[in-house]
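The following dialogue takes a learner through several features of a protein model. Please consult the sequence and the structure while reading.

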Amino acid sequence: MVMPYRLALDIGTASLGLVAVSLDERGEPGRILYSDLRIFSEPLLPAKAGGVGEPKKAARRLARQARRLNERRSRRLRRIAHLAPLIGLDATAVHADYGQHIHGLRALAVHQRIELSDFLNVLLKLAKRRGYGGSFRVKGEGEEGKVESGIKQLRQRLEGMTLGEW
């Protein structure tokens with residue numbers, strides 16, 4: 001007769017755990033038939049100045065993050081470039097703007113019409129650099145940080161204007 005059992009695995013990044021438990025006729029756990037645990041040391045690069053070294057995976061992870069960031073940015077730019085034929089523009093004929101006139105065009109577009117090629121350049125610039133993706137320090141109760149005070153000052157200066165217009 002084959003004895004019923006349940007197998008439990010715990011597979012971590014630097015450890016492996018295994019337990020086999022017998023089951024009674026109702027399917028309830030009984031005694032432990034087998035258990036084992038293996039702990040692996042994480043591969044670390046040699047430390048500088050006697051500290052704990054950095055994991056070998058860290059360099060790969062940073063490179064992968066950079067590749068993903070570049071791929072996402074180029075995908076956004078390609079998607080906007082595919083708009084050119086849809087609005088009647090030849091993507092190769094649109095003059096490149098390296099950022100000198102984009103902000104002026106955004107301010108102008110608030111009040112009057114701009115050319116489609118200029119609008120496409122504005123969209124490309126917005127897609128390339130689309131905001132701050134970092135994190136801010138958590139501040140205490142009633143404390144005003146540098147960013148918050150700067151935002152208040154900017155709001156006062158922008159009274160009646162859009163951010164792009166400014």
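**Reading exposure, pairing and charge**

Q: How is Pro4 to be classed by its relative accessible area: buried, partly exposed or exposed?
A: Pro4 is partly exposed, because its relative accessible area is 41%, and the partly exposed class lies between the 20% and 50% cut-offs. The model under discussion is a predicted one. Along the chain, Pro4 belongs to the segment before strand 1 (5–11).

Q: Which residues does Pro4 touch, if those up to four places away in sequence are not counted?
A: Pro4 touches Ser22 and Leu23. A separation between C-alpha atoms may be read alongside such contacts. The C-alpha atoms of Pro4 and Gly27 are separated by 8.2 Å, although the two residues are 23 residues apart along the chain.

Q: Where is Ser22 found, and is Ser22 buried or exposed?
A: Ser22 is found in strand 2 (residues 15–23). Ser22 counts as buried because its relative accessible area is 7%, and buried means under 20%.

Q: What does Ser22 touch, leaving aside residues up to four places away in sequence?
A: The partners of Ser22 are Met3, Pro4, Tyr5, Glu28, Pro29, Gly30, Arg31 and Leu33. The contact with Pro4 appears from the other side as well, since Pro4 lists Ser22 among its own contacts.

Q: How many strands does the open sheet have, and what is their order?
A: To read a sheet, one follows the order of the strands and then the sense of their pairing. Here the open sheet has 3 strands in the order 1-2-3, with antiparallel pairing. Strand 1 and strand 3 (29–39) are the edge strands, each pairing on one side only. From one strand to the next, the twist averages 10 degrees.

Q: How many bridges join strand 2 and strand 3, and which residues stand opposite one another?
A: Strand 2 and strand 3 pair in the antiparallel sense over 8 bridges. Leu23 stands opposite Pro29 in strand 3, while Ser15 stands opposite Ile39 in strand 3.

Q: How many residues lie between the strands in the hairpin of strand 2 and strand 3, and what phi does Gly27 take?
A: That hairpin has 5 residues between the strands, and Gly27 takes a positive phi near 85 degrees.

Q: Why can side chains of opposite charge pair?
A: Such side chains can pair when their charged atoms come close. A search of the whole structure finds 4 salt bridges. One of them joins the side chains of Asp24 and Arg26, at 3.8 Å from N to O. Asp24 is partly exposed, at 25% relative accessibility, whereas Arg26 is exposed, at 65%.

Q: At what N to O distance do the side chains of Arg38 and Asp36 meet?
A: These side chains meet in a salt bridge at 3.5 Å, N to O. Arg38 counts as partly exposed because its relative accessibility is 49%, and the exposed class begins over 50%. Asp36 is also partly exposed, with a relative accessible area of 29%.

Q: Which residues are linked in a network of salt bridges?
A: Glu71, Arg75 and Arg78 are linked in a network of this kind. Within it, the side chains of Arg78 and Glu71 meet at 3.3 Å, N to O. Arg78 is partly exposed, with a relative accessible area of 41%; Glu71 is partly exposed, with 35%.

Conventions: Residues are numbered from 1 along each chain as its sequence is written. This is a predicted model: local features need pLDDT of at least 70, side-chain atom pairs count only at pLDDT 80 or more; totals for chains, interfaces and linings use all residues. Side-chain values use heavy atoms; hydrogens and water are left out. Helices (H or I, at least four residues) and strands (E, at least two) are DSSP runs, numbered from the N terminus. Buried means under 20% relative accessible area, exposed over 50%, partly exposed in between (1.4 Å probe, protein chains only). Contact means heavy atoms within 4.5 Å. Two strands pair if DSSP finds at least two bridges between them. Axes are lines fitted to C-alpha atoms, for helices over the stretch in contact, and angles run from 0 to 180 degrees between N-to-C directions.
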